[in-house]
Amino acid sequence: MPSSLPPVPPAAASSGSALGLLFRQVRDAMWARMERELAASGHALNFSQFITIKALAIGGPTGVTDLARLADLNPGAMTRLLDKLEARGLLARSADPNDRRALNIDLTPAGLAIWQDIDQCGQRVRERALHGMDEATRIHMTRLLEQVRDNLTSED
């Protein structure tokens, strides 16, 4: 999907606002492509639901606040998202035996089954995003993006 914004002139490409805009455009394009891939595969899931299922599948049980941070949602919105996934039978919430104020959130067998399929959707989107890049370029780009993220999130 081509961007609706004009390309950034080379002189402006090094400006902070152009870099931030490029990051936003890449993120938005990834999210939109993922939602189209999910829909084409017969899954009525949005990107935040995909990220939530992925986090639970890969990392095991976690809390609402952690999931909200990963999906870029506020905790209230995450609770509503979890309600929807629970109503579909994809996850279950249970009391945390170590903290009665907290809940553990786990994928159900149906949630684990859907994960197997939607993970393939994610792999197809990643391959599309990285098309034309050799493995060394992919690794280098990932390292650079991790460095940018770490530079911006460090407390220095």
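A nonpolar core, as used on this tour, is a set of buried Ala, Val, Leu, Ile, Met, Phe, Trp, Tyr and Cys residues joined through side-chain atoms within 4.5 Å. Buried means under 20% relative accessible area, exposed over 50%, and partly exposed in between, with a 1.4 Å probe and protein chains only.

Before you click: this is a predicted model, where local features need pLDDT of at least 70 and side-chain atom pairs count only at pLDDT 80 or more, while totals for chains, interfaces and linings use all residues. Residues are numbered from 1 along each chain as its sequence is written, and side-chain values use heavy atoms, with hydrogens and water left out.

**Stop 1: the whole chain**

Show the cartoon. You should find six helices and two strands, in the order α-α-α-α-β-β-α-α along the sequence. Helices (H or I, at least four residues) and strands (E, at least two) are DSSP runs, numbered from the N terminus. Of the 156 residues, 26% count as buried. The chain exposes about 10,400 Å², with carbon and sulfur atoms supplying 57% of that; the areas are Shrake-Rupley values with a 1.4 Å probe, and for residues only the protein chains shown count as cover.

**Stop 2: the largest nonpolar core**

Which residues touch the most other members of the largest nonpolar core? Select Phe50, Ile53 and Ile118: out of 25 core residues, these are the ones. Now colour the elements that each supply at least two core residues: helix H1 (16-40), helix H2 (47-59), helix H3 (64-71), helix H4 (75-87), strand S2 (99-107) and H5. H2 gives the most, with six residues. As background, nonpolar side chains tend to be buried together in soluble globular proteins.

Zoom in on isoleucine 53. Skipping residues up to four places away in sequence, isoleucine 53 touches Leu45, Leu85, Leu90, Leu107, Gly111, Ile114, Trp115 and Ile118. Contact here means heavy atoms within 4.5 Å.

**Stop 3: tryptophan 115**

From that list, pick tryptophan 115, which is found in helix H5 (residues 109-129). Is this residue buried or exposed? Tryptophan 115 counts as buried because its relative accessibility is 8%. Beyond its neighbours within four places in sequence, its contacts are Phe50, Ile53, Lys54, Ala57 and Ile58. Try a C-alpha to C-alpha distance to isoleucine 58: the two are 9.7 Å apart in space and 57 residues apart in sequence.

**Stop 4: the aromatic cluster**

Show Trp31, Phe47, Phe50 and Trp115 as sticks; they form one aromatic cluster. Rings of Phe, Tyr and Trp (its six-membered ring) pair if their centres lie within 6.5 Å, and planes under 30 degrees apart count as stacked, over 60 as edge-to-face and the rest as tilted. That rule gives three aromatic pairs. In one of them, the rings of tryptophan 31 and phenylalanine 47 have centres 4.9 Å apart and planes at 25°, so the pair is stacked. Tryptophan 31 lies in helix H1 and phenylalanine 47 in helix H2, so this pair ties together parts 16 residues apart in sequence. Tryptophan 31 is partly exposed at 26%, whereas phenylalanine 47 is buried at 14%.

Next, select phenylalanine 50 with tryptophan 115: a tilted pair, 6.2 Å centre to centre with 35° between the planes. This one links H2 to H5, 65 residues apart, and both partners are buried.

**Last stop: arginine 27**

Go back to tryptophan 31 and add arginine 27, which lies over the ring face at 4.2 Å from the ring centre. The criterion is NZ of Lys or CZ of Arg within 6 Å of the ring centre and within 35 degrees of the ring normal.
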